[in-house]
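Visitor: I am new to this structure and would like to learn how to read its pockets. Could you take me through them step by step?

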Amino acid sequence: MENVTIISHPLIQHKISILRDKRTGTNEFRSLIEEIAMLMGYEALRDLPVEDVEIETPIETCMTPMISGKKLAVVPILRAGLGMVNGILALVPSAKVGHIGLYRDEDTHEPHEYYCKLPTPIELRTIVVTDPMLATGGSAVAAVDFIKQHGGRHIKFMSIIAAPEGVKRLQKAHPDIQLYIGHLDRCLNENAYICPGLGDAGDRIFGTR
Ligand code: PRP
Ligand code: URA
């Protein structure tokens, strides 16, 4: 799969297995989502540009690399994507945060937009869209559509668990974006939930039903 990176690090796989367990409570679930986002972010941001700057060490002056150029924006898809934001901010504290509010209609499974606010100028930023679940791909495609309509160009999409159906749909609609996933699951069920998945990510992060 072009432009798709499955980050199969043992630490990530271990934490995803605990997320899947229905006995894992809200507190632990929330912490794990954040930790996994940080571990995935480490890999997804590996191509951030650096430039040499002059630093004076206690010994001598040297030229040494620091992150340069384009600024980062993290854009969670509400609600569940919010759980991943602090993991990325732990790596890049200066990143700006936008929000895209989408919910899936329970019957049609199509996304409905209820809130959007992006940092400006969005076209100059590397944008990391976060959502723990990529199921049908409807929400992901709508979010990336929206970001592109507002001028966003350098887009990475980070999802902890994905279904093959969602990966295919997102790739077809937006072949130019980089997709990072923690685990590619088997399929969707008749309610468009990922199998084996972890259930409803938003409800498990926020303790709702
Ligand atoms: C979940 C999830 C994704 C979406 C994935 O959100 O967090 O945004 O479903 O499904 P899709 O790929 O079929 O679009 P949901 O709509 O349940 O909203 P929530 O995060 O507010 O619970
Ligand atoms: N949204 C979720 O939270 N879980 C799924 O399995 C599918 C969509």
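Guide: Please keep in mind that this is a predicted model. A pocket can be read by the classes of residue along its wall, and the lining of the second largest pocket has no nonpolar, 5 polar and 3 charged residues.

Visitor: Which residues line the second largest pocket, and what is its volume?

Guide: Thr 24, Gly 25 and Thr 26 line it together with Asp 203, Arg 204, Gly 207, Thr 208 and Arg 209, and its volume is about 190 Å³.

Visitor: How should I read the largest pocket, and how many residues line it?

Guide: One can begin with the space and then turn to the wall. The largest pocket holds about 750 Å³ and is lined by 30 residues, with Tyr 103, Arg 104, Tyr 193, Asp 200 and Gly 202 lying nearest its centre. Two or more lining residues come from each of β4 (72–78), β6 (99–104), β9 (133–134), α4 (138–149) and α6 (201–206), and by class the lining has 14 nonpolar, 8 polar and 8 charged residues.

Visitor: Where does ligand 1 sit, and which residues come nearest to it?

Guide: Ligand 1 takes up the space of the largest pocket, and of the 16 residues around this ligand, Arg 104, Asp 131, Thr 136, Gly 137 and Ser 139 come nearest. The largest share of this shell, 3 residues, is supplied by β6.

Visitor: Which polar side-chain atom lies 2.6 Å from an oxygen atom of ligand 1?

Guide: That atom belongs to Ser 139, while a polar backbone atom of Ala 135 is 2.9 Å from an oxygen atom of the ligand. Taken alone, ligand 1 exposes 500 Å², of which the protein buries 91%.

Notes. Residues are numbered from 1 along each chain as its sequence is written. Chains are lettered from A and ligands numbered from 1 in the order in which they are written. This is a predicted model: local features need pLDDT of at least 70, side-chain atom pairs count only at pLDDT 80 or more; totals for chains, interfaces and linings use all residues. Side-chain values use heavy atoms; hydrogens and water are left out. On a 1 Å grid over the protein atoms alone, a cavity is a set of points where a 1.4 Å probe fits but cannot get out, and a pocket is an open set with protein on both sides within 12 Å along at least five of seven lines; lining residues have an atom within 4 Å of a point. Grid points are joined across faces, edges and corners, and a volume is the space filled by probe spheres set on the points. Helices (H or I, at least four residues) and strands (E, at least two) are DSSP runs, numbered from the N terminus. Ala, Val, Leu, Ile, Met, Phe, Trp, Tyr, Cys and Pro count as nonpolar, Asp, Glu, Lys and Arg as charged, and the others, Gly among them, as polar. A residue is near a molecule or strand if one of its heavy atoms lies within 4 Å of it. A polar contact is a pair of N or O atoms within 3.5 Å; within protein, one must be able to donate a hydrogen and the other to accept it, and residues adjacent in sequence count only if both atoms are side-chain atoms. Accessible areas come from the Shrake-Rupley method with a 1.4 Å probe; for residues, only the protein chains shown count as cover. A molecule sits in a cavity or pocket if more than half of its atoms lie within 2 Å of its grid points.
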